[in-house]
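Here are some short exercises to help you find your way around a structure that is new to you. Try each task first, then follow the solution step by step.

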Amino acid sequence: MQQVKGWPRATPFALGGAAASASRPLVMAIVNITPNSFSDGGRFFETSSAIEHAMRLREDGADIIDLGGESTRPGAEPVPVDEELDRVMPVLAALVREGVCVSIDTLKPEVMRAAVAAGAAIVNDVNAFRAPGAIEAVADSAAGLCLMHMQGTPATMQKAPHYDDVVAEVSAFLRERAAALEAAGIARSRIVLDPGFGFGKTLEHNRTLFQALPRLAALGYPLLVGVSRKRMLGELTGRAVDDRVAASVAAALLAAQNGASVLRVHDVRETVDALKVWMNLRPGTGASRQGARRAQGKGR
Ligand code: 9MG
């Protein structure tokens with residue numbers, strides 16, 4: 001893809017191999033290997049279906065496949081570590097063999113270690129590496145690390161989320177977690193921050209954070225945004241979870257425009273198409289740019 005003017009916004013980052021040459025927001029595709037994931041209803045629970053689904057998403061243009069073996073939807077209960085490993089490891093190994101850039105979505109240090117040893121390029125932790133041993137599990141690897149904000153735990157987070165100043169509190173949390181990783185010797189370029197849409201947040205909290213994306217990007221780390229098919233989009237559109245593709249694509253584009261470097265999505269093909277249109281039609285791109293340069297006497 002061509003370089004987007006003004007892109008990337010944040011400092012260069014090293015999310016495994018995928019991002020080294022990023023000239024546009026990266027598309028991270030969601031593959032849940034859980035019997036109860038909120039939007040694909042466990043359809044990809046079987047190993048072979050999960051691999052097939054992931055390969056299709058890569059063909060659709062995904063830069064990264066984010067594999068998760070434990071649901072983080074509101075109300076979800078933790079799964080034992082052995083069960084999570086049984087779910088994710090065969091799929092991860094198969095995708096790594098195919099040269100796919102794999103992200104492991106987990107908050108368990110044991111799963112982080114196993115996944116990184118098997119070739120995962122990214123560890124996506126909705127708990128921001130707060131579990132004892134989590135930082136140590138990834139410190140000596142080269143994996144990219146996504147640190148997400150969450151108030152509470154998936155089991156309790158949507159009961160009564162409260163903030164005095166959601167942007168200030170989320171920013172302070174993310175800064176503190178990034179500092180904790182850097183103090184353990186982890187290079188800043190490996191870190192990506194995520195405000196955690198829907199994780200202990202009402203629609204108003206999500207809206208305020210979304211509008212503050214440029215301020216969050218100004219923290220100096222790349223931002224990952226995940227709003228795909230989430231309840232906030234259902235609240236805004238009145239649509240059921242399987243009917244939120246257009247809403248998800250609109251939100252992803254707006255996030256990209258506001259500084260997101262990685263978009264975590266279910267609908268890869270649609271998001272990639274939308275990004276291509278945005279890249280080619282936004283002010284400052286294509287022929288109109290040449291025309292403007294010519295009018296200024298700068299071009300031929
Ligand atoms: C696992 N997971 C579910 N939603 C997410 C989000 O918004 N961001 C990240 N990083 N992970 C998520």
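**Exercise 1. Decide whether L57 is buried or exposed, and find what surrounds it.**

Step 1. L57 has a relative accessibility of 5%, so it counts as buried; buried means under 20% relative accessible area, exposed over 50% and partly exposed in between, with a 1.4 Å probe and protein chains only.

Step 2. Now place it: L57 sits in helix α1. Helices (H or I, at least four residues) and strands (E, at least two) are DSSP runs, numbered from the N terminus.

Step 3. Setting aside neighbours within four places in sequence, L57 is in contact with A29, I30, V31, A62, I65, H266 and V268, where contact means heavy atoms within 4.5 Å.

Step 4. Take I30 from that list: L57 and I30 are 27 residues apart in sequence, and their C-alpha atoms are 8.9 Å apart in space.

A word on the model: it is predicted, so local features need pLDDT of at least 70 and side-chain atom pairs count only at pLDDT 80 or more, while totals for chains, interfaces and linings use all residues. Residues are numbered from 1 along each chain as its sequence is written, and side-chain values use heavy atoms, leaving out hydrogens and water.

**Exercise 2. Check the span of helix α1 and say what its buried residues pack against.**

Step 1. Helix α1 covers residues 47-59, which is 13 residues. The expected span is 1.5 Å times one less than the number of residues.

Step 2. That gives an expected 18 Å, and the end C-alpha atoms are 19 Å apart, which agrees.

Step 3. The buried residues of α1 are A50, H53, A54, M55 and L57. They pack against β1 (26-32), β2 (64-68), α2 (81-97) and α10 (268-281).

Step 4. Just after α1, look for G61, whose phi is positive at about 120 degrees.

**Exercise 3. Find which residues are around the ligand, and which atoms make polar contacts with it.**

Step 1. Around the ligand are T72, D105, N124, V126, C146, M148, D194, F199, L224, G226, K230 and R264, each with a heavy atom within 4 Å of it.

Step 2. Sort this shell by type: 5 residues are nonpolar, 3 polar and 4 charged. Here Ala, Val, Leu, Ile, Met, Phe, Trp, Tyr, Cys and Pro count as nonpolar, Asp, Glu, Lys and Arg as charged, and the others, Gly among them, as polar.

Step 3. For polar contacts, look for pairs of N or O atoms within 3.5 Å. An N or O atom in the side chain of N124 is 2.8 Å from a ligand nitrogen. A backbone N or O atom of G226 is 3.1 Å from a ligand oxygen, and a polar side-chain atom of R264 is 3.4 Å from a ligand nitrogen.

Step 4. On its own the ligand has 310 Å² of accessible area, and the protein covers 96% of that (Shrake-Rupley method, 1.4 Å probe).

**Exercise 4. Locate F129 and R229, and state the sign of phi for each.**

Step 1. F129 lies in the loop between β4 (122-125) and α4 (134-139). R229 lies in the loop between β7 (223-225) and α8 (231-237).

Step 2. Phi is positive, about 60 degrees, for F129 and for R229, although F129 is not a glycine and R229 is not one either.

Step 3. F129 is buried, with a relative accessible area of 2%, and R229 is buried at 11%.

Conventions. Polar contact = N/O pair within 3.5 Å; in protein donor to acceptor, adjacent residues only side chain to side chain.
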